[in-house]
Amino acid sequence: QVQLEESGGGLVQAGGSLRLSCAASGRTFSRYIMAWFRQVPGKEREFVASISRTGIVTDYADSVKGRFTISRVNAKNTVYLQMTNLKPGDTALYYCAAYTTERTRVDYWGQGTQVTVSS
C-alpha cells in the first residue's frame, strides 16, 4: 500500500509560479512511475506529466511543455511539479499518481491540491 499526499497548491496570478510536492509513504516509492494529473469540475481528469522510476525519462502534456517540470527524489519519497508562467487555464485540482505499467492504470492516487490562477 502506498499513500500519496500533495501539497503546495494555492492562488497565484497569471505568469506566476508554484511548486507542488507529493510525499509517498512506504519503502517502495522507487518501484513506481510517478505522475501528475489535473481535473476541473465537469471535465475528465487529464494527464499533466510523468517521470520514470529513476527520474531519467519525463513526459508532458503539450499544454504544459516548456512551462512545467516534473522531478523526483527517491531518497525522500517525493515527486515535484514546478509550474511556471501559469495561466488561468491551469486552474484545476492537481493529483499525484503512482503506477507500475501505464498511466491509464494508476495504482494509487493522492487526494489532490487546488491550484487557482487568476487573470
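1. Cys96 is buried, its relative accessible area being 0%. Cys22 likewise counts as buried, at 0% relative accessibility. These values, like the others in this note, refer to a predicted model.

2. Cys22 and Cys96 are joined in a disulfide, with 2.1 Å between their sulfur atoms. Cys22 belongs to strand 3 and Cys96 to strand 9 (residues 92-99), so the pair ties together parts that lie 74 residues apart in sequence. A search of the whole structure returns one disulfide. A disulfide is a covalent bond between the sulfur atoms of two cysteines.

3. What is the handedness of the disulfide of Cys22 and Cys96? The torsion about the S-S bond is about -80°, and the disulfide is therefore left-handed.

4. As to secondary structure, the chain contains 11 strands and zero helices. Its pattern along the sequence reads β-β-β-β-β-β-β-β-β-β-β. Strands of a sheet pair through backbone hydrogen bonds, in either a parallel or an antiparallel sense.

5. An open sheet is formed by four strands in the order 1-3-8-7, with antiparallel pairing. Strand 1 (4-7) and strand 7 (68-73) occupy the edges; each has a single partner strand, so one side of each is left without a neighbour in the sheet. From one strand to the next, the twist averages 15°.

6. Within this sheet, strand 1 and strand 3 (residues 18-24) run antiparallel and are joined by four bridges. Leu4 is positioned opposite Ala24 of strand 3. Strand 3 is also the strand in which Cys22 of the disulfide lies.

7. Is strand 5 (residues 46-51) largely enclosed or left open by the rest of the structure? Five of its six residues are buried, so strand 5 is largely enclosed by the rest of the structure. The cut-off behind this statement is a relative accessible area under 20%.

8. Strand 5 pairs with strand 4 (residues 33-39) in the antiparallel sense, over five bridges. Ala35 has Ser50, in strand 5, as its bridge partner. Strand 4 and strand 5 form a hairpin with six residues between them, and Gly42 in the turn has a positive phi of about 85°.

9. Strand 5 also runs antiparallel to strand 6 (residues 58-60), to which three bridges join it. Here the bridge partner of Ala49 is Tyr60, in strand 6. Strand 5 and strand 6 form a hairpin with six residues between them; the turn includes Gly55, whose positive phi is about 90°.

10. Turning to overall dimensions, the C-alpha trace of the chain spans about 40 × 25 × 25 Å along its principal axes. For 119 residues, a compact globule would be expected to have a radius of gyration near 14 Å, and the value of 13 Å for the chain agrees with this.

11. Of the 119 residues in the chain, 44% are buried. The accessible surface of the chain amounts to about 6,500 Å², and carbon and sulfur atoms account for 46% of that area.

12. Contacts in the chain between residues at least 6 apart in sequence were also examined: 55% of them join residues at least 24 apart. One long link in sequence is the disulfide described above, since Cys22 and Cys96 tie together parts 74 residues apart.

Terms used
Residues are numbered from 1 along each chain as its sequence is written. This is a predicted model: local features need pLDDT of at least 70, side-chain atom pairs count only at pLDDT 80 or more; totals for chains, interfaces and linings use all residues. Side-chain values use heavy atoms; hydrogens and water are left out. Two strands pair if DSSP finds at least two bridges between them. Helices (H or I, at least four residues) and strands (E, at least two) are DSSP runs, numbered from the N terminus. Axes are lines fitted to C-alpha atoms, for helices over the stretch in contact, and angles run from 0 to 180 degrees between N-to-C directions. A disulfide is a pair of cysteine sulfur atoms within 2.5 Å. Buried means under 20% relative accessible area, exposed over 50%, partly exposed in between (1.4 Å probe, protein chains only). The radius of gyration is taken over C-alpha atoms; the globule rule is 2.2 Å times the number of residues to the power 0.38. Contact means heavy atoms within 4.5 Å. Accessible areas come from the Shrake-Rupley method with a 1.4 Å probe; for residues, only the protein chains shown count as cover.
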